[in-house]
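I opened the model to look through its strands, its pocket and a few single residues. My notes follow in the order I looked things up.

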Amino acid sequence: MLSSLIIRNDSEGKGFFGAPRGSRLHYGVDYIVKENQSVLAPFEGVLVRKAYPDGNDLRKEGFVFLTSNGLEFKVFYAKINKSDVGKRFKKGDVIAKAQSVSNLYNLPNMKDHIHVEVRVNGMVENAELYLSELKKKISIINIILFDIDLIIIGLISLKKWLKS
């Protein structure tokens, strides 16, 4: 869904599933983003519709994404292209661009994030359970890239040593 999956935890609230929100619980997971960061399709599926976390404020946007395996992702604070509604996306395709939540709510201490909810047969479930496999794959890729960087640095150093 993102290149990194770090859960928001700031003075404005905690972004984990089930976090207290006054008299209710948080039904999603808030992943930290940068404004205009690409939001990717977590699985193959269809962009069903635009969605709004606050129906009275249409500046705060989001979308509903239905995966091929029946999961419904509701993502807030991400802008889609209206023309993409109904379009099928492959896993990893760019679906949306993240908004600046801190600006939308005028809360400078709130970290920018997207809010991700997952529903299975209409029941809300912890999005982390479905995105953790993606997180593991991202971590493995980052480790491999780090190792490749170290090898390249080592080869450059060896080449300079051999020339001297």
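**Entry 1: pocket lining.** I started with the lining of the largest pocket and sorted its residues by type: seven are nonpolar, three polar and six charged. This is a predicted model, so I treat every value here as computed from predicted coordinates. The lining has 16 residues in total. Those nearest the pocket centre are R21, R24, H26, Y77 and H115. I read the volume of this pocket as about 340 Å³. I then asked which element gives the largest share of the lining. It is strand β13, residues 113-120, with three residues.

**Entry 2: overall counts.** I noted two helices and 14 strands for the protein. The protein has 164 residues, and buried ones make up 38% of them. For the contacts with a separation of 6 or more, I looked up how many join residues 24 or more positions apart, and the share is 63%.

**Entry 3: β8, β9 and β13.** From the pocket I followed β13 to its pairing with β9: the two run antiparallel and are joined by five bridges. Within this pairing, V75 has V116 of β13 as its bridge partner. I then turned to β8, residues 62-67, which is also antiparallel to β9 and is joined to it by five bridges. F65 stands opposite F73 of β9. β8 and β9 form a hairpin, and four residues lie between them. In that turn I found G70 with a positive phi of about 90°.

Is β9 enclosed or left open by the rest of the structure? Of its five residues, 72-76, four are buried, so I recorded the strand as largely enclosed.

**Entry 4: the three-stranded sheet.** Next I looked at an open sheet with the strand order β6-β12-β10 and antiparallel pairing. β6 (38-40) and β10 (78-80) are the edge strands; each has a single partner, so one side of each has no neighbour in the sheet. The twist from one strand to the next averages 45°. For the pairing of β10 with β12 (residues 94-98), I counted three bridges, with the strands antiparallel. A78 is placed opposite A98 of β12.

**Entry 5: F89.** I picked F89, which sits in strand β11, residues 88-89. Its relative accessibility is 2%, so it counts as buried, the cut-off being under 20%. Leaving out residues up to four places away in sequence, I listed what F89 touches: A41, F43, E44, G45, L47, F65, D84, V94 and I95. One of these, F65, is the residue I had already noted opposite F73. I also took the C-alpha to C-alpha distance from F89 to S68, which is 10.0 Å across a sequence gap of 21 residues.

**Entry 6: A41.** Since A41 was on the list for F89, I looked it up next. A41 lies in the loop between β6 and β7 (45-51). It is buried, because its relative accessible area is 2%. With residues up to four places away in sequence left out, A41 touches F65, F89, K90, K91, G92, D93 and I95. Both F65 and I95 are on the list for F89 and on the list for A41. A41 is 55 residues from A96 in sequence, and their C-alpha atoms are 8.9 Å apart.

**Entry 7: positive phi outside glycine.** Most residues other than glycine have a negative phi. I therefore wrote down two asparagines that have a positive value, given that general pattern.

- N36 has a phi near 70°. It lies in the loop between β5 (29-32) and β6. Its relative accessibility is 53%, so it counts as exposed.
- N106 has a phi of about 55°. It lies in the loop between α1 (101-104) and β13. Its relative accessibility is 65%, so it too counts as exposed.

Conventions:
Residues numbered from 1 in each chain as written. Predicted model: local features only at pLDDT ≥ 70, side-chain atom pairs only at ≥ 80, totals over all residues. Heavy atoms only, no water. Pairing = 2+ DSSP bridges. Axes fitted to C-alpha atoms, helices over the stretch in contact; angles between N-to-C directions. 1 Å grid on protein atoms, 1.4 Å probe; cavity = no way out; pocket = protein on both sides within 12 Å on 5 of 7 lines; lining within 4 Å. Points joined across faces, edges and corners; volume = space filled by probe spheres on them. Nonpolar A, V, L, I, M, F, W, Y, C, P; charged D, E, K, R; others polar. Buried < 20%, exposed > 50% of the residue type's maximum accessible area, 1.4 Å probe, protein only. Contact = heavy atoms within 4.5 Å.
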